[in-house]
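Here are my notes on the model you sent round. I stuck to side-chain contacts and enclosed space, so have the structure open as you read.

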Amino acid sequence: MSRVRIGIFLVAAGFPGRPQGRVLRDCVEAIAVAEEAGFDDAWIAEHHFMSYGVCPSAATLAAVALGRTRTIGVGTAVSVLSTQHPVALAEQAAMLHHLSGGRFALGVGRGGPWVDLEVFGTGLARFEHGFAESLDLLCRALGQRTVSAEGEFFRFREVAMVPAASVRPVVACTSPGTARLAAGRGLPMLLGMHMDDTDKAAMLAGYDAARPPAPGAASPFPPDVGAVRHVAAVVGYVADSTRAAVRELKTAMPRWLEPGLAGYVPVDDRRRPTRDVGEYVGFLTGVHPVGDADHCVETMRRTHEVTGLEHLILMVEGAGEHARTLENIRRLGAEVLPRLRG
């Protein structure tokens with residue numbers, strides 16, 4: 001598995017009793033520790049108005065982390081495109097690309113039909129019908145020196161991109177339709193923790209079937225620019241035994257997930273999605289690298305073999321306590337990474 005990149009994934013999880021500002025500072029420290037532990041990159045989630053994740057600007061937190069590190073890549077997983085202007089996000093990404101010497105990666109996603117759309121004024125229509133237009137505008141802004149728009153949601157005269165940069169975004173995909181959209185533009189996918197290896201393999205097969213021989217006009221990127229591979233998020237947690245690792249996460253994670261998932265508020269009168277938290281944690285600890293070092297290595301090797309994925313990012317915050325998160329990162333770096341790369 002020498003070709004596989006291994007990173008960490010930080011939700012900025014709002015466990016009860018943890019001050020939100022401290023959570024954000026702890027994320028930056030976790031990224032610095034991940035660099036020391038030998039991880040390739042760190043990816044930061046973005047959420048609004050909820051304790052599930054207390055980082056409302058993944059790009060801002062990425063900027064701080066890039067300034068505190070020297071070699072590790074830092075990405076957004078993801079910046080919510082439905083609540084931002086694509087050109088403004090492209091400008092931020094271009095700045096971080098240049099200031100970090102190319103260490104920044106931009107992940108974007110459609111988001112959900114949440115109250116964010118009301119607060120930021122982008123509206124439900126753009127979420128439901130405007131993601132492709134938003135993504136195409138973002139790609140043009142990241143791949144060209146000038147950009148203009150004559151679409152349903154964006155209309156403006158040609159302007160110069162200053163600074164200009166070639167940054168190919170990664171797209172969070174939770175449905176075959178979004179996978180086809182990414183494939184048609186030659187953009188890598190980001191696959192979530194809710195998928196097992198079979199689900200991931202199916203998404204990748206659908207992507208391959210939909211990808212044209214060469215990216216269409218919607219992609220301004222030449223084949224050799226920003227060749228980021230597909231990325232998959234998994235829970236990563238190592239302990240002295242698999243039983244202990246599973247027990248610790250089954251005890252800790254519901255304290256975060258129960259109130260966190262309840263924070264998803266629809267912008268209209270549709271019902272809020274519900275999930276059995278205990279069942280979900282059981283799924284996460286059963287299919288992802290949660291266990292002793294041998295189990296973690298075997299699980300990640302199996303994911304690679306079943307899916308062909310070459311880039312995994314490990315959600316390392318599951319135990320809740322910051323000291324345990326840092327210990328988890330260090331142990332994964334010492335006990336798991338060398339065996340995956342050796």
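1. Over which ring does the charged end of R110 sit? The ring of F127, with the charged end 4.1 Å from its centre. R275 has a partner too: its charged end sits over the ring of Y280, 4.1 Å from the centre. For the record, a charge sits over a ring if NZ of Lys or CZ of Arg is within 6 Å of the ring centre and within 35 degrees of the ring normal.

2. A word on ground rules. This is a predicted model, where local features need pLDDT of at least 70 and side-chain atom pairs count only at pLDDT 80 or more, while totals for chains, interfaces and linings use all residues. Residues are numbered from 1 along each chain as its sequence is written, and side-chain values use heavy atoms, with hydrogens and water left out.

3. On to the aromatics. The whole structure has five aromatic pairs (rings of Phe, Tyr and Trp, the last by its six-membered ring, with centres within 6.5 Å; planes under 30 degrees apart are stacked, over 60 edge-to-face, the rest tilted). Take Y52 and W256: this pair is stacked, because the ring centres are 5.0 Å apart and the planes lie at 25°. Y52 is in the loop between β2 (41-44) and α2 (58-68) and W256 is in helix α9, so the pair ties together parts 204 residues apart in sequence. (Helices, H or I of at least four residues, and strands, E of at least two, are DSSP runs numbered from the N terminus.) Y52 is buried at 10% relative accessible area, and W256 is buried at 1%; buried means under 20%, exposed over 50%, and partly exposed in between, with a 1.4 Å probe and protein chains only. Ring pairs also join F15, Y52, W114, W256 and Y264 into a cluster.

4. Next, charges. Side chains of opposite charge can pair when their charged atoms come close. There are 14 salt bridges here (a side-chain nitrogen of Lys or Arg within 4 Å of a carboxyl oxygen of Asp or Glu). R331 bridges to D240 at 3.1 Å between the closest N and O atoms. That pair links distant parts of the chain, R331 in helix α12 and D240 in the loop between β12 (237-238) and α9 (242-261), 91 residues apart. R331 is buried at 17%, whereas D240 is exposed at 68%.

5. Helices α9 and α12 share a bridge as well: E248 meets R324 at 3.6 Å, N to O. E248 sits in α9 and R324 in α12, 76 residues apart. E248 is partly exposed at 30%, and R324 is buried at 13%.

6. Have a look at R18 too. R18 bridges to D26, with the closest N and O atoms 2.5 Å apart, and R18, R22 and D26 form a salt-bridge network. R18 is partly exposed at 21%, but D26 is buried at 5%.

7. Last, the empty space. One cavity of 30 Å³ or more turns up, with a volume of about 60 Å³. Here a cavity is a set of points on a 1 Å grid over the protein atoms alone where a 1.4 Å probe fits but cannot get out, and lining residues have an atom within 4 Å of a point. Points are joined across faces, edges and corners, and the volume is the space filled by probe spheres set on them. The lining includes R18 and D26 from point 6, along with H322 and T325. Helix α1 (20-37) and helix α12 (322-341) each give two or more residues, and α1 gives the most, with four.

Conventions. 1 Å grid on protein atoms, 1.4 Å probe; cavity = no way out; pocket = protein on both sides within 12 Å on 5 of 7 lines; lining within 4 Å.
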